[in-house]
Amino acid sequence: MCKKVLVIQPIRQNGYDYLKEKGYKVICGSGTTEDEIIRDANDCDGILVRNARITKKIMDAVPKLKVISRHGVGLDTIDVDYARKKGIIVTNSPLSNYNAVAEHTMYFILACAKNACIVNQAFYNGDYDIRHKVTNMELHGKTLGILGLGRVGRAVAKKAKYGFDMDVIGYDPYVKQDVLGDMVTLYPQIKDIAKRADFLTIHLPLTPESKGIINKNVFEIMKQGCFLFNTSRGEVINEPDMIDAVKSGKIAGGGFDVLEKEPPVKTHELFDYKNVILTPHNAAHTHEAFEKMALHAAQGIDEALSGKDITWRVY
């Protein structure tokens, strides 16, 4: 009997094709609630998940479950510790979307430096003289601070350093200076980055330790007029503290692909600021990244269920 794989939410066709070519029966999910996933995953050997939460209840209710494969990188929606206890393999797709997120970060940085939203809206409204009212900024020689130097953080550093001649400094307690060469100068604490950066971008995973780590204590020591960007997880920033910093002008502006609660309410205060760019958690949503996420997640399923070495095993 062929093994069954539940794909909870739609993925690109190449992912389905890969699983079917390997002989798996693919079950397309009907919803993302616990009860819907449990019903759909009945008798399944693997689950391929995008953004749905995979909880203890789900794992306990699917007795044949051997592998959970994440379509993407972040693991905060999967109870990885419980999966480990049950002997369920967890994989992800770390090479699939890091460049897309890094490019999105550079888009934020450039848009803020060039006052893109303000100038664009004024020009659309017939104000040609906006060219005399707003002065833009060059990135050359400016200091970019990066919090988190995993694949995304390093890709941002490379683009900023060698593409725009920025001075790049960074914080990551798990990365050694010799790995980074002259691309990034490491500092031991977040405050060392905050007080030096003209632009500060966050690429930290969401963990109990990182939740709310960017708060009023960090904002107080930031350079006046620093720009802030977040394409990691919204919860790493204390949002009320950030809004206060935007109001006061401590933060000159920024770009946020993620917020504390998603989707945000229509009355979210950040929508009121023309110097803030918001995108709906879609930094990784490129054609290329979707193709790789689908394929790599499917590959993780097959490697786990066929006894092969697992390329991107989480633990």
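**Two sheets and the helices on them**

Hi everyone, let's start in the middle of the chain: strand E6 (residues 143-147) and strand E7 (residues 167-171) run parallel and are joined by five bridges. When I say strand, I mean a DSSP run of E with at least two residues, while a helix is a run of H or I with at least four, and both are numbered from the N terminus. Two strands count as paired if DSSP finds at least two bridges between them.

A word on what is on the screen. This is a predicted model, in which local features need pLDDT of at least 70 and side-chain atom pairs count only at pLDDT 80 or more, while totals for chains, interfaces and linings use all residues. Residues are numbered from 1 along each chain as its sequence is written, and side-chain values use heavy atoms, with hydrogens and water left out.

Back to our pair of strands. Gly145 stands opposite Ile169 in E7, and Leu147 has Tyr171 of E7 as its bridge partner. Four of the five residues of E7 are buried, so the strand is mostly covered. Buried here means under 20% relative accessible area, exposed means over 50%, and partly exposed is in between, with a 1.4 Å probe and protein chains only.

E6 and E7 belong to an open sheet of seven strands, in the order E8-E7-E6-E9-E10-E11-E12, with parallel pairing. Its edges are strand E8 (185-186) and E12, each of which pairs on one side only. Helix H5 (residues 98-113) packs on this sheet and touches E6, strand E9 (199-202), E10, E11 and E12. The direction of H5 makes about 150° with that of E11. For such angles, axes are lines fitted to C-alpha atoms, for helices over the stretch in contact, and the angle runs from 0 to 180 degrees between N-to-C directions.

Now, how do H5 and helix H8 pack? The angle between H5 and H8 (residues 151-164) is about 50°, and their axes are 8 Å apart. H5 and H8 are therefore oblique to each other; under 35 degrees would count as roughly parallel, over 145 as roughly antiparallel, 65 to 115 as roughly perpendicular, and the rest is oblique. The crossing of H5 over H8 is right-handed, meaning that the near helix is turned clockwise from the far one by less than a right angle.

At that meeting point, residues of H5 including Tyr98, Ala102 and Glu103 meet residues of H8 including Arg151, Ala155 and Phe164. Let's zoom in on Ala155, which is found in helix H8. Ala155 is buried, at a relative accessible area of 11%. Leaving out neighbours within four places in sequence, Ala155 is in contact with Tyr98 and Ala102, where contact means heavy atoms within 4.5 Å. Glu103 is 52 residues away from Ala155 along the chain, yet their C-alpha atoms are separated by 8.5 Å.

Just past H8, have a look at Asp165, in the loop between H8 and E7. Its phi is near 55°, a positive value in a residue other than glycine. Asp165 is partly exposed, at 44% relative accessibility.

On to helix H12 (residues 239-248), where Glu239, Asp241, Met242, Ile243, Ala245 and Val246 are buried. What covers these residues? The cover includes helix H11 (216-221), strand E10 (226-230), strand E11 (251-256) and strand E12 (276-278). The N-terminal end of H12 is capped by Asn238, with a side-chain oxygen 3.1 Å from the backbone nitrogen of Asp241. Gly249, just after H12, takes a positive phi of about 90°. And in the loop between E11 and E12 sits Pro263, whose peptide bond from Glu262 is cis, with omega near -5°.

Finally, the other sheet. It is open, with five strands in the order E2-E1-E3-E4-E5 and parallel pairing. Strand E2 (25-28) and strand E5 (89-91) each have a single partner strand, so one side of each is left without a neighbour in the sheet. Neighbouring strands here are turned by 20° against each other on average, direction ignored. Strand E1 (residues 4-7) pairs with strand E3 (residues 46-49) over three bridges in the parallel sense, and Leu6 has Ile47 as its bridge partner in E3.

Two helices lie across these strands. Helix H1 (residues 13-21) lies across E1, E2 and E3, at about 145° to E2. Helix H13 (residues 287-305) lies across E1, E3, strand E4 (67-70) and E5, at about 160° to E4.

Thanks, and I'm happy to rotate the model for anyone!

Terms used:
Polar contact = N/O pair within 3.5 Å; in protein donor to acceptor, adjacent residues only side chain to side chain.
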